[in-house]
Structures are given as structure tokens and as C-alpha cells.
Amino acid sequence: MNASVPASAAPADLVIDYDCLPAGPSSIVRHGPVRLTTNLTFATDLTVGDPLNFAWKLNYTGDGSRLQSPGYFGEGAQVHATGNVELKSNWVGILQPRGSADPEGPLRPDLPLGLPPMLNDPGLTNRPGTIRITPKDIELDFTPPDNSVVINDGDDTDNPSDMQIVYSGGWTSVDDRPGSEHHVHNDLHETTQMGASAELKFVGTSVEYIGPHDKDAGKVDIYIDGIKRATVDPSRDGNDDPVNDDLDGGHTLWESPQLKYGEHTIKIQSASTKPVWLDAFEVSTATSQIPTGYHSAICKPVANPVSIEVTVRDRTSPTNTSTSTNTPTDGPTNTSSGSPTSSSSGSPSGSPTTSATQPNYSYPTVIGSHTVVIPRATGTTSTATPKTTGPTATKYVRPQVAKTPRGGVDSGEAPDGPQEAPYALMASGAMLIAGSAGGGLLLRRRRAAHAGGVK
């Protein structure tokens, strides 16, 4: 059972030993388990929004065994590692820190391989809580470089590929051909026996059959992994026109489709008694076609590792301290610091209440888990309302001008002399209105008389 260690403010630094065992068909663990010593470091006291970042260092243990090359490869092969960190409690899942070793130089079988120096995978914390961290398995894999290798006569100093062509039937080695014929290594193999074959086991993603065009060549059947894929006729060119050549070497007579990365077998077989030639096979590897797992290894903890609890705390809400009467909180409020008094000549005594106008607010600002609304730099208007003893209080103010002016220049003084009352003017107006009404009545009576109405 895994022990659980409480979190502390200091980073956790776990030392964990692993044993690595073969997992793929052609594993980089070739001769017994490989022991690794690892250091897994991470912070144990976080704030919401902080990354949960793992730094996982890998090292070989002492002078023990090493990961080894599974074959011959050109420059650029690499070891890749993927760690697994289990998360439980408020978070549930797996984080996978990853890393790659430096590219290797040319490799041959069993040469030691480098390890990724460190694995990283930051995870973002988006809510408060606790996380129980437990280190799990580490997965290793090996990717060869993108390259091609030509296999001519097998495993020799010119063919460091660890692959050999196996000839069956009556084949003859034709050596020291003129360079003008363009054969690989200036040699090739020939057969006139129907059913004679040559095959190659290889690891890669595609393969080509290389041989000469010749006007006397016979047909060749081609098999991949025991399944017939094609029949080619080297006496005809790519447009299916007959050739007029004698041993014009170096041509790709057939190329396989893209294959799943792994071990495959190509076989060519004579389909007649006419001459058939084999110059070479060219094997290619495209890393984009490589699935994980073919050269893989799995590393398991030697003992049950401890579990470490990480605390993720909420962000502290900012406190806004100001002497201003406006204090923004979750909603804008206005607080007056004290009760202002009004001392004016002729105003009643009492403590007025303050009514502030609504200020203009800027867009909300998110700080931590709180939204803070900050007011713009605009003042407030206070209106003093005096206390009263009755329903309505009226404040009277002495007018500036003692007399109301009547006509003339607006000098603030009334004109001299007595003033007449406007009774005559009012009587004249009343007589005018009465006369108008009477005239209208007389006109209507006269019109009625002409129509035969009452006179």
C-alpha cells in the first residue's frame, strides 16, 4: 500500500528506482533488465492558476546494464520516454511528462543508448483543493532516423545493415562489371532457373527492388510477407515499351507501398527460364510511419512509491482601502464619513442627510476569484435636506430689490407719481365683446327671414 505524505511548502523530491523490461518485438532492453534511478520534483503548495509542473530526471544506476541499439542505423536515432503520474482526490487522471534523448550517431547492434535528461509536463490548476500525486510506470521507445540503406551482397564492410540476402536455386554472382553499367558495387546476381528466388528480411517502412533493364530479361514475381504483390518485366520500360539495352543497371524495377514499421520480408522469384538479375534491395525508414511500441520497454518501480498530497489554495481577494466616500465592493456603494452640517444665515439648525448621485463605473476587473469594479475619477453631488417639524418646510429669503419696478428702465426703483387703476380699459373691452355677439345674432335673423323663417 502506498504511504501518503502530507504537503508542505517545500517542493517534493522523490527518489524512485525502476527496472526496465522488454515490451516491443525488437526492444532496446536486449540483455536483461535495465535499472534506472529517477528524481521526481514538484511543488506541494500552489495557488489557483499556478502550473502543477513535474521535473523528472532519469539516470542509469551505477555501472549496470544500459539500453542498447536494436540494429544498424544511421545518424539521428533517439530514445523517447513518457512518465505516468497518477492524480487522485479533487483531481482524477494521469499526467504524462515526456522527454527525448539527444540524437545518436551511427549505430550498430548493442551499442549503448542515451537517456532523456528530463521529463516535463505542466498541468494548470483551475480550482482549489488537494491532489494526491503517485508516480507510476515509465514507457521507453526508440525511433530510428529517416534514411535508406542499400543491401547488396549481405553483411560486409560495405553493407553494415545486419541484413543478408538469402538466395535459393541456381544463382551466379557476376562480379567486376564495368562502371558504365551502374550496378551497386559493380556486381550483381543472375539466374536462368524458373522458380529461383532471393529474399531479404528487413526492418523499415518500404523496400525497392533494384536491377538492370535488359532486352533479354525474363519476368519476376514479387512477394511481401508471403503475399504476391506484383510481376515486373525488366525487358520493358516504365511506359511498357520494349528496351534495347544490355545490362543497363541501377534502375528501381519495383517499389513497395508504405508498410507498417516493423520487420518484413521481400522475395523475388523468377517466373521463366529467361535471365533474371538482382542488383540490390534498398530499405527505407520514414519515422512518420512508425507506431510506438516496436522497440519499446516498460519501466516499473522497484518498490511501491509514496503518494504526496499537493494543496491548491484559492487566491486571496484584494482589499481596497481608501479614504474616499466611494468604496467599490461586489456592487457599488457610497459611504459618507461623518454627517456634514450646513451653517447658513437664516437656515434652521439640524443634521442634514447626504444623498449621493450615482457615479460612472469602469469595466469590471477580475482579481483572483472576485470581480472588482473600480469607479472613474468623478465626484459626487450632495444635497442637504433640513429637518422639519411639520409636513413641509419653506425657506424664505429676503428679496434683493425692495420694490417691484413698473415700466421704464429696469433700474430697481419704481417710477414716481400716482398710478391710475385700469377700470376704464376693462369696461371698454367688455362692451366690445358684447357688441360682437349682438352683431352675429342680427345677421343670423336676417338670413332666416329670406329663407321664410320667423321675422
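Biologist: How do the residues lining the second largest pocket divide into nonpolar, polar and charged?

Modeller: In this predicted model, the second largest pocket has a volume of about 300 Å³, and His80, Thr82, Arg98, Asp141 and Thr292 are, of the 16 residues that line this pocket, the closest to its centre. By class, the lining divides into four nonpolar, nine polar and three charged residues.

Biologist: Which strand gives the most to the lining of the second largest pocket?

Modeller: Strand E7 (78–89), strand E9 (98–100) and strand E12 (129–143) each supply at least two residues of that lining. With four residues, the strand that gives the most is E12.

Biologist: Which residues have the most contacts inside the largest nonpolar core?

Modeller: This core has 45 residues, and the strands that each supply at least two of them include E2 (12–22), E3 (34–42), E7 and E12. Ile133, leaving aside its neighbours within four places in sequence, is in contact with residues including Phe42, Leu52, Val85 and Ile308. Those with the most contacts inside the core are Phe42, Leu52, Leu67, Ile133 and Leu140.

Biologist: How many nonpolar, polar and charged residues are in the lining of the largest cavity?

Modeller: A search of the whole structure finds one cavity of 30 Å³ or more, and the largest has a volume of about 30 Å³. Its lining includes Tyr209, Pro212, Gly218 and Trp277, and strands E18 (206–213) and E23 (276–278) each supply at least two of the lining residues; Tyr209 is also among the residues of a second, separate core of 24 residues. Because Gly counts as polar and Pro as nonpolar, the lining comes to eight nonpolar, one polar and no charged residues.

Terms used. Residues numbered from 1 in each chain as written. Predicted model: local features only at pLDDT ≥ 70, side-chain atom pairs only at ≥ 80, totals over all residues. Heavy atoms only, no water. Core = buried A, V, L, I, M, F, W, Y, C linked by side-chain atoms within 4.5 Å. Buried < 20%, exposed > 50% of the residue type's maximum accessible area, 1.4 Å probe, protein only. Contact = heavy atoms within 4.5 Å. 1 Å grid on protein atoms, 1.4 Å probe; cavity = no way out; pocket = protein on both sides within 12 Å on 5 of 7 lines; lining within 4 Å. Points joined across faces, edges and corners; volume = space filled by probe spheres on them.
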